[in-house]
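Thanks for coming. I have one structure to go through this morning, and I will keep it brief.

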Protein chains: 2
Amino acid sequence: MTETVRRPTRQQAAVLAALDEVQEFMSAQQLHSRLREQGASVGLATVYRTLTALAADDEVDVLRTDEGESVYRRCASEDHHHHLVCRACGRAVEVDGPAVEDWAARVSAAHGFRDVRHTLEIFGTCDRC
Amino acid sequence: MTETVRRPTRQQAAVLAALDEVQEFMSAQQLHSRLREQGASVGLATVYRTLTALAADDEVDVLRTDEGESVYRRCASEDHHHHLVCRACGRAVEVDGPAVEDWAARVSAAHGFRDVRHTLEIFGTCDRC
DNA sequence: GCAAACTTGACAATGATTCTCATTTCCGTC
DNA sequence: GACGGAAATGAGAATCATTGTCAAGTTTGC
């Protein structure tokens, strides 16, 4: 694991704090606006840099919306897991499926693929929406 | 199903033909260059429009690369399926996993989600690379 | 053959993300 | 506590895929 060494700064702390406040996946742009509203002055480029770094260290999860925007979320589980995301309110539930992992590994092996990684996200409308 | 009625044109045929020639997922930009190289004069906007329309009618499969680019592929199977994609050569194998579909449905229901849809792609390095 | 409706293409516009680079901040050291 | 080099930041420019615009070209039904 190539854990990047980042220097602790006010800005990075602010980004992490903002992420901790929500259960939804948020885009860099949304986080930036949110921070500015709260009075924290953090540059947009810095928000992007911080999120990218956090994602590289697996401290946040990233996924792409249908529109191609990257959205980030601080997850409770450190381990590999997937998400059930409400397409209306954006709320996300962390789920894991050992069966899926096995299936993916089996299928990959059967076709001679190595170093496999997979993405699996479920989108729907939650009971509150 | 809201099947869009499209008028048959030289350009759309060219895009489909180009897609049929390859087993890899290709971006709109790549297809456009390919068409121009082959001498077929098709505007970039038209390539985008055609691909979007085809995707809406489920005649091609779309997925997003890590870089956020949309890539398209003409698939043999009309039914719902997933892909095992080589990250080196781009070759894709169509696979399906009934177990995964069941699992997704079960998990969604357990959390009260409706109208669920999921994305699942596996990336790896194939035996030829 | 004709008009209405649809499609195309060149280019502008958009919007997220990344790059640039001068300035600021952090950290170990003196 | 001050100092110097390295890393981080911010403002704006630059990039790049994708979408919008609109005049001109095609297709279809009649």
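I will start with one helix and then turn to the DNA.

This is a predicted model, in which local features need pLDDT of at least 70, side-chain atom pairs count only at pLDDT 80 or more, and totals for chains, interfaces and linings use all residues. Residues are numbered from 1 along each chain as its sequence is written, chains are lettered from A and ligands numbered from 1 in the order in which they are written, and side-chain values use heavy atoms, with hydrogens and water left out.

Take helix α1 of chain A, residues 10-20; helices here are DSSP runs of H or I with at least four residues, strands are runs of E with at least two, and both are numbered from the N terminus. Its buried residues are A:Gln12, A:Ala14, A:Val15, A:Ala18 and A:Leu19, buried being under 20% relative accessible area with a 1.4 Å probe, protein chains only. Why are they on the same side of α1(A)? Because they cover an arc of only 160 degrees around the axis, taken from the directions from the helix axis to the C-beta atoms.

Now DNA strand C. It is surrounded by 22 residues, and the closest are A:Tyr48, B:Thr9, B:Gly43, B:Thr46 and B:Arg49; near means a heavy atom within 4 Å. α3(A) gives the most to this surface, four residues.

For polar contacts, pairs of N or O atoms within 3.5 Å, I have three. A phosphate oxygen of strand C is 2.8 Å from a side-chain N or O atom of B:Thr46, and a phosphate oxygen is 2.9 Å from a polar backbone atom of A:Ser70. The side chain of A:Arg7 has an N or O atom 3.4 Å from a base oxygen of strand C.

Conventions
Buried < 20%, exposed > 50% of the residue type's maximum accessible area, 1.4 Å probe, protein only. Polar contact = N/O pair within 3.5 Å; in protein donor to acceptor, adjacent residues only side chain to side chain.
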